[in-house]
Amino acid sequence: MDRKEAHRRKDVPCLCSRRWILAYMCFLGMFFLYATRVNMSVAIICMVRSDNVSESFNHTRRTEDNVSWPNQAHPDNQIEGDTCARQDTSTSATATSAEFDWDKPTRSRILAMYFYGYIIMQVPGGWLAGRFGGRRVWGISFFLNGLFTILTPVAARTSLALVYVLRFLVGFASGVTFPNVQSMWGRWAPPLERSKLITFSMAGPAMGTIAGFALSGHLCAYGFDNGWGSIFYVFGVGTLVWVVLWFLLTADSPRDSSRISNAELEYIETEIGYKTNVQNKFTPWRAIFTSVPVWAIVVTHVCHNWSNYTLLTGLPTFMKEVLNFDIKQNGSLSAVPYLCAAIVSIVAGQVADCLRSRVGLATATVRKIMVIAAFSTVACFLVGASFVTCELRHVAVVLLCFAVSGTGITRAGFPVNHVDIAPRHAGVLFGITNTVATVPGMVAPLVAGALTPTKTAEEWQNVFYVCAAFSVLGSIVFTVFAKGEVQPWAREAGDKTAGDHSSTYRVIYSPKLQP
């Protein structure tokens, strides 16, 4: 980098720049995306009467001669003060707030219904963002998300069918999120800042999960409207507040921003290599669907989401059924692993960009390192946690923290790879991969429910074995087939050549004056 170029870089704002303000807003948007997704996982424990939540303690006693009790003593042999004693939840705080008699298959369908709606808007969401801009698409969709979340308590007290419908609509409105974010970063993120900007944005889901678990558990015990109702009101209103800030502070592209400096605009467009306000008029569908690197991302995304969605929907249940935490402990402790994931996600982004810019590793190599490290961490620690007995349940929480932290490392791997190989079409590309990868969101809760009919630790081990198998498969496929450079079908005439992330390219037009 010459002296003139170094001086120019110093003039480009960083943490208070428009691209970082977009990162902060994407972080908050994904925060509410996941908060409104996982809040039902905790709320449903409070909503359902104890005889259906815990398989009726009295029924268990009537059939105790035919039941084995691994990892804990027989109910008649529990001693006073034993932290692993099976509690009669009819005397717990949840018993007074529970209003519904939903069996386990019904609860699994409610949790899965979100993903039936979510999957529909993946590809359309990416296409709409590329064609009309992500700002309006995501803002309008999240307004509907917040509204439907607020209406959930009324729907639950009216009809189970309405709960199904509203959870479907919340998922439908949320489905545009990731394709929109990827599309916007294709226009906003300089290549050597992609990892840190995108991983910071994607720390939002982990923090949203923390709030969704921890705050939901607290509201269930102490909130208004019978506790569980306040969960939906708080997160719904928070989503609507975000929508207002989103429209005030963001723009579809650097050229559409009225507040961006000349230095930042020129820097972004110089590094990206094209005018960022030009909307996509053509999508190379055939080339996308026949691209091997795209299918490598698809398979890896599916494998990641199987573990991710199993934990999102099943972790509170595992904490209750195997580790015997009460509802207040459950919400807080279910959130702790996601705090670790959020921190690890941000660090992983910094490390990934450092490996590329300072160490000089190829983009594909860095992405593969991140995926292998992430999936190995998830598989090993998730299986390990399943073997910890209730007496050492806090050790299990520590192992779960490591396992979920692996999902944070993943953020610097295949998610950023969408923008690496097709920055112009990153929204559509993520929509395609996430459409397929949403199938685990619909199937994994049902599989977990089917594998744990009597809620024993051994049954939960089988659930986590499946997650580990998907992690191994994803690591192998991504390592063999993934690429790191812009693919030929993703370039247009006048774009910067593939792999050129240096500062030698110059934009010869005046950024602010030309259209």
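A disulfide is counted here wherever a pair of cysteine sulfur atoms lies within 2.5 Å, and, as a matter of chemistry, such a link is a covalent bond between the sulfur atoms of two cysteines. In this predicted model, C46 and C220 meet that rule, with their sulfur atoms 1.6 Å apart, and the count for the structure comes to 1 disulfide.

The place of this pair in the fold can be followed along the chain. C46 belongs to helix α2, which covers residues 18–47, while C220 belongs to helix α12, which covers residues 204–222, so the disulfide ties together parts that are 174 residues apart in sequence. The torsion about the S-S bond of C46 and C220 is about -130 degrees, and the disulfide is therefore left-handed. Both C46 and C220 are buried.

Other cysteines can be read against the same cut-offs. C26 has a relative accessibility of 0% and therefore counts as buried, since buried means under 20%. C340, by contrast, takes part in no disulfide, and the nearest cysteine sulfur, which belongs to C401, is 4.0 Å away. Because its relative accessibility is 24%, C340 counts as partly exposed.

These details sit within a protein whose secondary structure consists of 23 helices and 0 strands. Of its 515 residues, 60% count as buried, and the protein exposes about 19,600 Å², of which carbon and sulfur atoms supply 64%. Among the contacts between residues at least 6 apart in sequence, 84% join residues that are at least 24 apart.

Note on methods: Residues are numbered from 1 along each chain as its sequence is written. This is a predicted model: local features need pLDDT of at least 70, side-chain atom pairs count only at pLDDT 80 or more; totals for chains, interfaces and linings use all residues. Side-chain values use heavy atoms; hydrogens and water are left out. Helices (H or I, at least four residues) and strands (E, at least two) are DSSP runs, numbered from the N terminus. Buried means under 20% relative accessible area, exposed over 50%, partly exposed in between (1.4 Å probe, protein chains only). Contact means heavy atoms within 4.5 Å. Accessible areas come from the Shrake-Rupley method with a 1.4 Å probe; for residues, only the protein chains shown count as cover.
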